[in-house]
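Visitor: I would like a close look at a single part of this model, the place where the ligand sits. Please take me through it step by step.

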Amino acid sequence: MIKATPAGSGETRDNETPDRRAPTIFALATGAGRAAIAVMRVSGDGCGAILTRMLGGPPTPRRAVLRKLWRDAATQNDHLDDALVLWFPGPSSYTGEDSFELHLHAGPAIISAVADALVAEGARPAEPGEFTRRAFLNGRVDLVEAEGVADLIEAETEAQRRQALTQTDGRLSALYHEWADRLRSVLARQEALIDFPDEDLPPEVEDALITDITALREEIAAHLADGARGERIRRGLSFSIVGPPNAGKSSLLNWLAERDAAIVSPIAGTTRDAIEVAIVLAGVKVTLVDTAGIRETSDPIEAEGVRRAMFHVEHSDCVVQIFAADAPPDTETTPLPDAIVVCNKIDLAPAPARFGEISVSGVSVRTGQGLDDLRETLELKALALTSGSGAPPLTRARHRAAADEVYAALSAALAQPWAEMRGEELRLAMRALGRLTGEVGVEDILDTVFGQFCIGK
Ligand SMILES: Nc1nc2c(ncn2[C@@H]2O[C@H](COP(=O)(O)OP(=O)(O)OP(=O)(O)O)[C@@H](O)[C@H]2O)c(=O)[nH]1
Ligand SMILES: [Mg+2]
């Protein structure tokens, strides 16, 4: 017998919709501030009635029509605005519910009068993310796609925009769904092994099962090991500029940032704090960090600056190690691991070709020599840190945690000699994957079991 354990079902979207009625919500879809047009978005069961009250009736679905907007169209009481109206009856709307958009003149008095009228008709202001949350609850998007919508709105750079699109258009979800399909098939076969232990199932069945679990586990491991590429694109990279005092760290930061973000002076020890500036390199968001010159010092403030500089050496995605041509490092000093090494002030003295094993980029921030080449080197580094195989990358800590869990459960399944125990680990993996997209329940697994093996006896 297959035991229909209800575990996991409490984590599906079902528990969020005990009430079938969707209260009507509204929000400005456009930003606040002076503008020509403001778009008011409304969604929920009351939409049809509101359109009747304010327009005299819903217009043709999905067609933009210009209408007079009234507090009460029947009595032609209180003309609010002339608006472009779009009516999206459910379920084929963004939220899956009846919804409409009002393209209003963006005056603050118009917006608040329309909001008042909507409240008078029983609607309430939407919570943050509530439209997309409803889209998820109504099965219009899965969790991963919903997160992609948030990222798309947040996207500041080319790389972030492209990555968010792979999420909203379902490419990342497709990958997770493909894993779920394979896991479901493995689990179904595992259930068969448990249910028919005495029947003559050929040993190849179990061998193929182990092979499939191993293959899926390796694929998830590769996805996890993908250099945190997606998370890096999302939050941006950090590059820190470190080196001895007066090397020209702040000068280089200012040149890359194209503004005087940090104070430059001939006094050694000018920069005492870490100064962060956001720039874009090859379409990737990069936070550049200028740091205090690293040296022995008895000044407690400067010493704290040096400590912070060392922190950034440890925690940056890339370190730009810089020294001045007229004050090259002594033979004891070694380059920082994986650093991009820069020799500045080549207007004063020639740059050495190498520092330890690393080749040196010679520049002069004063004359501009070598700076374009250095920018290109930094762009290539930003690209290298954020590009990978064609597969859509993992983008969030939540996905990483779930994928880690799936990986651990599959590893545990492979280590299990007992079929029953292996089945339990596979179910754990399935549940973790279900949490990722927010949609796999136990019924889902049972359907596949019955469907594949005709167990209905
Ligand atoms: N000749 C020459 N001087 C430069 C060059 N780049 C920077 N300088 C000068 O070197 C001095 C130190 O520059 P900063 O950018 O403040 O150096 P820093 O590494 O930030 O120094 P601290 O903040 O003290 O650690 C300033 O007087 C700059 O004008 C260069 O390429 N050539
Ligand atoms: Mg400085």
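Guide: Start with Ser-250, which touches Ala-262, Ile-263, Val-264, Thr-270, Thr-271 and Asp-290, leaving out residues up to four places away in sequence. Keep in mind that this is a predicted model. Ser-250 is found in helix α9. Is Ser-250 buried or exposed? A residue counts as buried if 20 or more other C-beta atoms lie within 10 Å of its own. Ser-250 has 23 other C-beta atoms within 10 Å, so Ser-250 is buried.

One of the residues that Ser-250 touches is Thr-271. Thr-271 is found in the loop between α9 and β8, the latter being residues 275-281. Thr-271 has 22 C-beta neighbours inside 10 Å, so it too passes the cut-off and counts as buried. Not counting neighbours within four places in sequence, Thr-271 is in contact with Lys-249, Ser-250, Ala-262, Asp-290, Thr-291, Ala-292 and Gly-293. Compare the two contact lists: Ala-262 and Asp-290 appear for Ser-250 and again for Thr-271.

These two residues also come up in a record. An unreviewed UniProt entry places the feature "binding site" at Ser-250 and Thr-271. They span 22 residues in sequence, yet no two of their C-alpha atoms are more than 7.6 Å apart, so they gather at one spot.

Now turn to the ligand. Around ligand 1 there are 23 residues, and the closest are Ser-250, Ser-251, Thr-271, Gly-293 and Arg-366. Both residues named in the record are therefore among the closest to ligand 1. Gly-293, also on that list, is one of the contacts of Thr-271. Which helix gives the largest share of the shell around ligand 1? That is helix α9, residues 249-257, with three residues. By class, the shell is made up of eleven polar, eight nonpolar and four charged residues.

Asp-290, a contact of Ser-250, leads on to the strands, since strand β9 covers residues 284-290. Strand β9 runs parallel to strand β7, and five bridges join the two. Within that pairing, Phe-239 of β7 has Leu-288 as its bridge partner in β9. Strand β7 also runs parallel to strand β10, residues 318-324, with four bridges between them. There the bridge partner of Phe-239 is Cys-318. Five of the six residues of β7, residues 237-242, are buried, so this strand is largely enclosed by the rest of the structure.

Conventions:
Residues numbered from 1 in each chain as written. Chains lettered and ligands numbered in written order. Predicted model: local features only at pLDDT ≥ 70, side-chain atom pairs only at ≥ 80, totals over all residues. Near = placed C-beta within 6 Å. Nonpolar A, V, L, I, M, F, W, Y, C, P; charged D, E, K, R; others polar. UniProt positions renumbered as here; feature names shortened; annotations may be inferred. Buried ≥ 20, exposed ≤ 12 C-beta atoms within 10 Å, placed from the backbone. Contact = placed C-beta atoms within 7 Å. Pairing = 2+ DSSP bridges.
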